[in-house]
Amino acid sequence: MAALDLFLPLAKVDLDQRLVTGVATAETPDRAGEIFDYSSSKPYFEQWSADALAASGGKSFGAVRAMHAPIAAGKLTDIAFDDDAKRITVAAKIVDDDEWRKVQEGVYTGFSQGGRYVKRWPDPDTGLVRYTAEPHEISLVDLPCVPDATFDVVKDGVAEKRAFAPRPADDPADSEDSDDTDLDAENEKHEFSTTEREKDAEAGVAMPDGSYPIRNAQDVENAVRDFHRSGEKPDVKAHIIARAKAIGAESALPDDWKEKADKAAAPSVAPIALTAAPEALAKAAAALTHAALKLERAADENAGLRKALDDFSPALADLEKRIAALEAHPLPAKAALRAVAKTADGADDALVSADDAVRRLASLPAQERALALTKLSLAHPMPRRV
């Protein structure tokens, strides 16, 4: 299912509190010819925010990412639903230092909602496509703005207007069709569950962590764009080149990358082995990487279990000492006792004189004599002296 991405420019940046505010989404036509339906989407946004609030213990109203990548840039500190204007405004606290620098420099120009389409239908009034959205995150993005676009920057209570950072002159986004191309790239993105990402990683379609899934030429172009945005890591570049060659989409690579791809693909000692099954080699390498990742996770889980056992061991040792002390404690002496019902206690005995009673007591064994005297004293207590 296609992912949804609606771009809206930033409104204000508070330098003192690291807060970025603006409209996250609104019922307005976008450049893809679609309209966000506010009334049907609002319950999904409310539920998403409520779930985030509960999961974070009341600290976050929603996740804030960077460029729809798995980068935890910050959190929403507020979300407001404007039923009259049919829009959702947010305030985001940016905690990642790198992403905050991009905000300060005006590199990031707006918010973009990331999630999925719940449903889409033709809008009878405009002829465009109206859709219901379910959000998964809100991202800071650098989608190009109009040249005179500005945002308010607040420092020490004083607001000033600033222009967003211009793109380099040779940036493809400055071409005549840059907006449409960028939007098409965004609309080609896909939503992946954790299971799908693991399958892609195991099959070699994506990197070991499930990122950068590449199935076609458009995915190659998207991956190259994200590569430049996310720090230009060598392993990511190698993955993109390998996937482009595996699916026959080398033409989607930048020109300077094609030369490296050709050199990497050039035959050496075993040309037949290298060119016979590139897809099989890629899958084998991905399988090994995936297995290593699983082993690393298992090692982490094992370390966690060992730590839990170490934390529990002192309590277990203390419990063993207490049990041993109880076992070593002597039991009370066992007495020969004979239970007698109250109704039968002395029922068959005839009245005797005091002398006879003394003689009978004297003839009893010591234990029975003590018991009889106890019963006699309890049956005839002495009156209290005043």
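Trainee: In strand 8, which residue is the bridge partner of arginine 120?

Mentor: Tyrosine 131 is the partner in strand 8. This is a predicted model, where local features need pLDDT of at least 70 and side-chain atom pairs count only at pLDDT 80 or more, while totals for chains, interfaces and linings use all residues. Residues are numbered from 1 along each chain as its sequence is written, and side-chain values use heavy atoms, leaving out hydrogens and water.

Trainee: What makes strand 7 and strand 8 a pair?

Mentor: DSSP must find at least two bridges between two strands. Strand 7 (residues 110-122) and strand 8 (residues 129-141) are joined by twelve, running antiparallel, so the pair qualifies. Their hairpin has six residues between the strands, and glycine 127 there takes a positive phi near 80°.

Trainee: Which strands pair with strand 8 in the parallel sense?

Mentor: Strand 3 (residues 34-36) does so over three bridges, with glutamate 34 opposite valine 129. Strand 4 (residues 63-66) also pairs in the parallel sense over three bridges, and there arginine 65 has serine 139 as its partner.

Trainee: How do you know whether strand 8 is enclosed or open?

Mentor: Count its buried residues (under 20% relative accessible area; exposed is over 50%, partly exposed in between, with a 1.4 Å probe and protein chains only). Ten of the 13 residues in strand 8 are buried, so the rest of the structure largely encloses this strand. For the protein chain of 386 residues, the buried share is 30%.

Trainee: Why is alanine 252 called buried?

Mentor: Its relative accessibility is 14%, so alanine 252 counts as buried. This residue lies in the loop between helix 6 (234-246) and helix 7 (255-265). Leaving aside residues up to four places away in sequence, alanine 252 touches Ala217, Val220 and Glu221, a contact being heavy atoms within 4.5 Å.

Trainee: And why is isoleucine 323 called partly exposed?

Mentor: Its relative accessible area is 42%, so isoleucine 323 falls in the partly exposed class. It sits in helix 9 (residues 278-328).

Trainee: What makes the nonpolar surface patch that includes Ile323?

Mentor: Phe312, Leu316, Leu319 and Ile323 make a patch of about 360 Å². Patch residues need over 30% relative accessible area and no salt bridge; nonpolar side chains (Val, Leu, Ile, Met, Phe, Trp, Tyr) are joined within 5 Å, like charges within 9 Å. At 42%, Ile323 passes that area cut-off, so its place in the patch fits.

Trainee: How do you know which helix has the lowest mean pLDDT among the elements?

Mentor: Compare pLDDT, the predictor's confidence in each residue, from 0 to 100. Helix 3 (residues 178-187) has the lowest mean, 38, and helix 1 (residues 38-55) the highest, 93. Over residues 169-193 the pLDDT is below 50, though this stretch has 45 contacts beyond near neighbours in sequence. Residues 266-276 are also below 50, with four such contacts. Where pLDDT is low, predicted coordinates should not be read in detail.

Trainee: What is the mean pLDDT of the protein chain?

Mentor: The mean is 75, and 71% of the residues reach 70 or more.

Definitions and conventions
Helix = DSSP H or I, 4+ residues; strand = E, 2+ residues; numbered from the N terminus. Areas by Shrake-Rupley, 256 points an atom, 1.4 Å probe, with all protein chains shown as cover. Salt bridge = Lys/Arg side-chain N within 4 Å of Asp/Glu carboxyl O.
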